[in-house]
Structures are given as structure tokens and as C-alpha cells.
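Colleague: Hey, got a minute to walk me through this one?
Modeller: Sure, pull up a chair and have a look.

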Amino acid sequence: MTTWDDTWPQTRLEAHFGDRVVRCFAQRPQSLYSLLAAAVARFPASEALVCGDERITWHELFGQTTRLASAMAARGIKAGDRVAMLIGNRCEFVTTLYAAAHLGAIAVPLSIREQTPGLAYMLNDCSAALLVHEADLGERLPSGADVPALRLRVSLDACAGSEDYLTFLANAAKTPPPPVATVAEEDVAAIMYTSGTTGNPKGAALTHLGIAHSALHYQIGMGLTEKDVSIAAVPLSHVTGLVALVATLVWCAGKLVIMPSFKAADFLKLATQERMTHTLMVPAMYNLCLLQSDFDRLDLSAWRVGAYGGAPMPVATIDRLAETVPGLTLMNCYGSTETTSPTTLMPQGQTAAHSNTVGRSLACAEVIVVDDDGKEVAHGQLGEIWIKGPMVVKNYWGNPAATASNFTGGFWHSGDIGSIDAAGYVKVVDRKKDMINRGGYKIYTIEVENVLHGHPAVLECAVVAKPCPVLGERVHAFVALRERGVSAAALKAFCAERLSDYKVPESYTLSDAPLPRNANGKLVKRALRDQISAFATA
């Protein structure tokens with residue numbers, strides 16, 4: 001019988017990034033650009049991208065990226081320069097990413113929901129030389145005086161103060177294509193800014209080595225091939241979009257269908273039309289699909305891999321999907337920007353048996369759990385999850401202090417509280433900062449949320465700490481209801497039957513409105529904690 005460990009190709013220990021010794025695939029692509037070159041060489045006439053009515057083959061994608069690289073080079077963009085991308089889910093995100101890779105430049109994806117101060121900070125922090133942006137975001141751009149290193153702005157459509165994209169391309173039409181840059185595996189391929197809870201965001205430096213390993217981890221772990229069709233319903237500017245979807249589907253030479261934004265009805269329509277086989281979304285997106293009245297009647301028989309991450313998948317959702325899409329294999333993924341996306345993956349067919357875990361460590365990932373003194377704990381014991389491997393980022397761009405405080409011996413401190421069982425399954429119980437300390441009793445919010453999710457009237461919920469002058473913190477629950485008429489007292493009684501008394505939420509905020517989420521679909525607990533703090537001090 002083939003086991004999880006048997007599915008991976010040969011690995012070996014290698015020295016990288018100075019003093020890190022990490023396990024690597026012996027055979028692997030050497031750069032972000034080499035992923036595209038391989039797909040073009042293997043399947044030039046096959047479809048690579050679908051964006052609305054636009055369908056682009058691998059040969060056409062190669063031509064578009066080469067022309068854009070020529071235009072960039074003609075204006076002085078070279079290896080090592082930072083190319084910022086304020087682009088939503090559209091084909092130009094992919095062409096700009098690979099045009100930068102062609103030149104050995106560093107892509108800097110920026111969220112289209114970012115506002116002027118944040119854009120100014122990030123453009124200055126990475127000293128971006130070029131910004132490619134959507135025209136309707138032009139009003140948010142900082143002035144030239146506020147971003148002095150930015151030499152060139154190119155707008156995908158007409159926008160005052162920026163060069164027009166088509167004109168930019170046309171002006172370089174007669175310029176011979178520049179040679180593909182030779183890059184080292186440890187060179188930075190992309191800078192992705194992490195959203196911190198306090199202070200300015202940190203620029204995680206993703207390398208060619210890390211992206212190549214992540215693409216291989218996804219491709220092998222999920223069994224993806226050139227026959228797969230995936231829908232990008234999460235932002236491409238997020239590490240999941242850039243690595244798990246774009247880079248991985250390019251490496252597989254599969255087809256990527258790009259949605260401008262997620263709407264459950266539109267997603268399901270595309271899934272049936274394009275015969276979708278794979279996607280990666282947050283659990284809330286799956287729940288929204290299940291709420292569609294026609295879900296049971298849709299032909300989703302081609303859908304075989306449903307990956308998810310960012311939050312636990314409610315058991316009720318797992319069961320419903322198993323009933324309605326029997327050919328679908330659900331796979332939990334755990335990772336972050338700093339790990340270039342995946343660290344663990346649920347082995348195929350194991351979700352039902354291990355639904356309270358995030359799967360097992362990937363072939364080249366080393367995961368340990370440590371106590372507050374940095375000492376590894378025994379199987380099943382809780383501590384902070386530390387992660388090492390070739391996919392862990394090189395550093396935080398231009399921020400040696402943050403790098404030093406977040407890395408130890410090549411291990412990145414995840415800030416997640418979890419455990420590893422004897423079989424190697426990793427459980428994540430909470431963010432370190434989300435844990436509630438009620439008079440000395442530690443309460444992991446995910447445990448309480450899982451209980452609340454079991455109530456039939458609860459659509460979604462989030463548990464946060466409520467300041468208390470006596471106990472320090474108490475347990476408060478924000479609950480979005482499927483139906484009105486359910487009281488806080490009823491929810492409290494439901495929890496009291498299933499939780500230790502100190503874990504039961506003592507106060508509730510009930511609503512029929514959805515809880516706040518960011519552009520990637522992740523719950524924004526910070527906003528909920530701010531609500532509680534504002535109420536407590538009012």
C-alpha cells in the first residue's frame with residue numbers, strides 16, 4: 001500500500017541562506033520563470049488562463065510576458081529592481097509577475113484594498129522602481145514627492161499621471177526581447193507584505209527556491225497534472241493566490257480560471273462551465289456555496305480536490321460536501337506568507353478521520369512545537385509551532401530587527417499554538433495572541449468556536465477576549481445567526497453542556513450580518529477586539 005511518505009520524490013539536506021540546513025527536493029525547477037518556460041515547452045497550444053471572455057494559451061502567455069519584459073527593459077528596469085503590482089484578479093497580474101521574473105526583477109504584489117498611506121509605506125519600504133496599477137485605483141496612489149524612488153507608473157487603462165499600458169507596450173514593440181535573466185535560487189523573487197496587528201507591515205522575501213518547493217509540494221501532494229482546471233477565487237496578490245494557484249498551476253501546466261472577486265453563484269457557474277477539478281479557498285467560501293439553493297442540482301462531478309486553509313472547516317460542512325459531491329477530496333492546508341504558503345497538507349482521504357488537524361508536514365518542511373523557553377515539547381502537548389524548510393522566507397526585506405526576533409536557527413516562529421501527535425498530524429488550536437487568559441485559565445478560542453458552530457442556528461462565530469478588571473479577560477462571542485429568535489441564553493446553555501464552565505462565553509453579540517473578513521476571506525478578529533475595547537471604555 002502506498003503511504004503519504006511514499007508519494008514524495010527524493011530529498012536531501014542542503015545548506016541555504018548562510019547557516020540554514022534544510023531538506024530539499026533533489027530535482028526541482030530553478031526559478032519562478034522556469035515554471036513558465038516548462039509549461040510553454042510542453043503544451044504551447046493548451047489553455048493557460050481564462051479571464052472572462054479572454055482565453056490565453058501557453059504560447060500566447062509567453063508572448064505577452066516577453067513583450068512586457070521588453071517594454072520594462074527598454075525603460076531601464078533590470079534584475080533586482082522592485083516591480084510593484086496594484087492589480088486585482090485579472091490576466092495582467094500573471095503577465096506582470098512573469099515579465100518581472102523574465103528580467104530577474106522582484107515582484108511586489110499589493111492588495112487593491114490598500115489605501116494611500118499603506119501604499120506609500122510599502123512602495124518606499126521596498127524602493128519600488130515601477131508600479132503597474134489598475135486605472136480606477138489611480139486616486140489612491142501617493143504623490144511623486146511621497147515615493148521618490150518610484151521612476152515609472154503604468155496604468156492598465158487611461159489614468160492621469162501614469163503611462164497607458166498599451167502605449168507602454170507599443171513603444172517597445174521593435175525592441176529585441178531581453179535575455180532571460182540568470183538568477184540564483186536564493187535570490188528574492190517576490191516581496192509580500194504581511195498584515196501585522198500593530199505597526200507597519202513587514203515585507204516577507206520569497207525566494208525562487210521557496211516558490212519552486214511550494215509548487216512541487218502542492219503538485220505532488222494533490223496529484224495535479226496538466227489536465228487540472230482550477231478557479232482563482234481568492235486574491236492573486238495574497239500568497240495563496242500567487243503561489244498555491246498561479247505558480248502551482250503554471251508548474252502543472254493546468255488551466256487557471258481567474259475570477260475578479262468571489263460570488264458563490266458565479267463561482268459555481270464557472271465551476272460547471274469549465275469543469276473545475278481543483279481550487280483552494282477558505283471554509284467560509286465553501287459554506288456560501290452550500291447555501292446556494294441549486295447546489296445539489298449542479299454538475300460538479302469533475303471537482304476532485306477541494307483545498308482549504310485559514311480557518312477550521314466545520315464538520316457539518318465536510319459532511320454536506322461528502323454527500324453532494326462524492327468525488328471531492330477535501331484537503332486542509334496550513335501555512336503563511338512566511339512559509340511561501342504550504343507547511344502541512346492533509347493526506348488524501350484522511351480529512352474525515354483527522355478533521356481537527358491541518359494534516360501532516362510536507363516532505364521538505366520541518367515542524368516542531370516548543371514551550372516558552374524554546375524547548376521542544378512531547379507529542380500531544382501544546383506550544384508554539386516553529387517551521388523550517390527551503391520554502392521559509394529568506395528574511396523580512398530591509399528589516400534585520402524583525403528577522404532576528406522572528407527566526408531562530410532557521411526556524412520561523414509562527415505565533416500559532418498547536419501540537420503534533422505521534423502519527424505526525426499537526427493541530428492548530430489558536431493564535432498565540434488570540435488565546436484568552438481568564439483568571440489564570442488558558443482558553444483556546446477555536447475550541448469554543450467549534451462548539452458554537454455545532455448549534456444549528458449559528459452561521460459563523462468568533463470568540464475574543466473581553467477586558468475584565470477582576471479576571472483580566474472574559475470570554476465574549478460574536479455570532480452571525482442563520483435564523484432570528486435564538487437568544488444568548490440558549491447559546492450559553494448549549495455551550496455549558498459541552499465545555500468547562502470557565503470556557504463558556506459569558507456575553508454575546510448576535511447579528512444576522514456576516515462577521516468582518518479581509519480580502520482573503522479570513523476573519524478579522526482585530527476589528528472585533530476593537531469593538532469590545534471601545535464598548536468597555538465608553
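Modeller: Let's start with the empty space: the largest cavity has a volume of about 220 Å³. Keep in mind that this is a predicted model.
Colleague: Okay, and which residues are closest to the centre of the largest cavity?
Modeller: That would be His 238, Thr 240, Leu 280, Gly 309 and Gly 310, out of 19 residues that line the largest cavity.
Colleague: Which elements give two or more residues to that lining?
Modeller: You'll find α7 (239-252), β14 (278-281), β16 (329-336) and β17 (341-345) there. Of the elements, β16 gives the most, with four residues.
Colleague: How many of the lining residues are nonpolar, polar or charged?
Modeller: By class, nine are nonpolar, nine are polar and one is charged.
Colleague: How many cavities of 30 Å³ or more does the structure hold?
Modeller: Just one.
Colleague: How do people look for such spaces, anyway? I mean, what shows where empty space is left?
Modeller: You roll a probe the size of a water molecule over the atoms, and that shows where empty space is left.
Colleague: New topic: sheets. In what order do the strands of the open sheet with β26 come?
Modeller: The order is β26-β27-β28, so to speak a row of three strands, with mixed pairing.
Colleague: Which ones are the edge strands?
Modeller: β26 (458-468) and β28 (507-511), since each of them pairs on one side only.
Colleague: And by how many degrees are neighbouring strands turned against each other?
Modeller: On average 20 degrees, with direction ignored.
Colleague: Let's zoom in on β26 and β27. Do they run parallel or antiparallel?
Modeller: Antiparallel: 10 bridges join β26 to β27 (residues 472-481). As an example to find on screen, Ala 462 has Phe 478 in β27 as its bridge partner.
Colleague: Which helices lie across those three strands?
Modeller: Helix α12 (residues 445-453) lies across β26, β27 and β28, and runs at about 140 degrees to β26. Helix α13 (residues 488-496) lies across β26, β27 and β28 too, running at about 125 degrees to β28.
Colleague: Last one: what about β3 and β4? How many bridges are there?
Modeller: Four, in the antiparallel sense, between β3 (residues 47-51) and β4 (residues 54-57). Leu 49 has Ile 56 in β4 as its bridge partner.
Colleague: And which residue takes a positive phi in that hairpin?
Modeller: Gly 52, with phi near 65 degrees; the hairpin has two residues between the strands.

Notes: Residues are numbered from 1 along each chain as its sequence is written. This is a predicted model: local features need pLDDT of at least 70, side-chain atom pairs count only at pLDDT 80 or more; totals for chains, interfaces and linings use all residues. Side-chain values use heavy atoms; hydrogens and water are left out. Two strands pair if DSSP finds at least two bridges between them. On a 1 Å grid over the protein atoms alone, a cavity is a set of points where a 1.4 Å probe fits but cannot get out, and a pocket is an open set with protein on both sides within 12 Å along at least five of seven lines; lining residues have an atom within 4 Å of a point. Grid points are joined across faces, edges and corners, and a volume is the space filled by probe spheres set on the points. Ala, Val, Leu, Ile, Met, Phe, Trp, Tyr, Cys and Pro count as nonpolar, Asp, Glu, Lys and Arg as charged, and the others, Gly among them, as polar. Axes are lines fitted to C-alpha atoms, for helices over the stretch in contact, and angles run from 0 to 180 degrees between N-to-C directions. Contact means heavy atoms within 4.5 Å.
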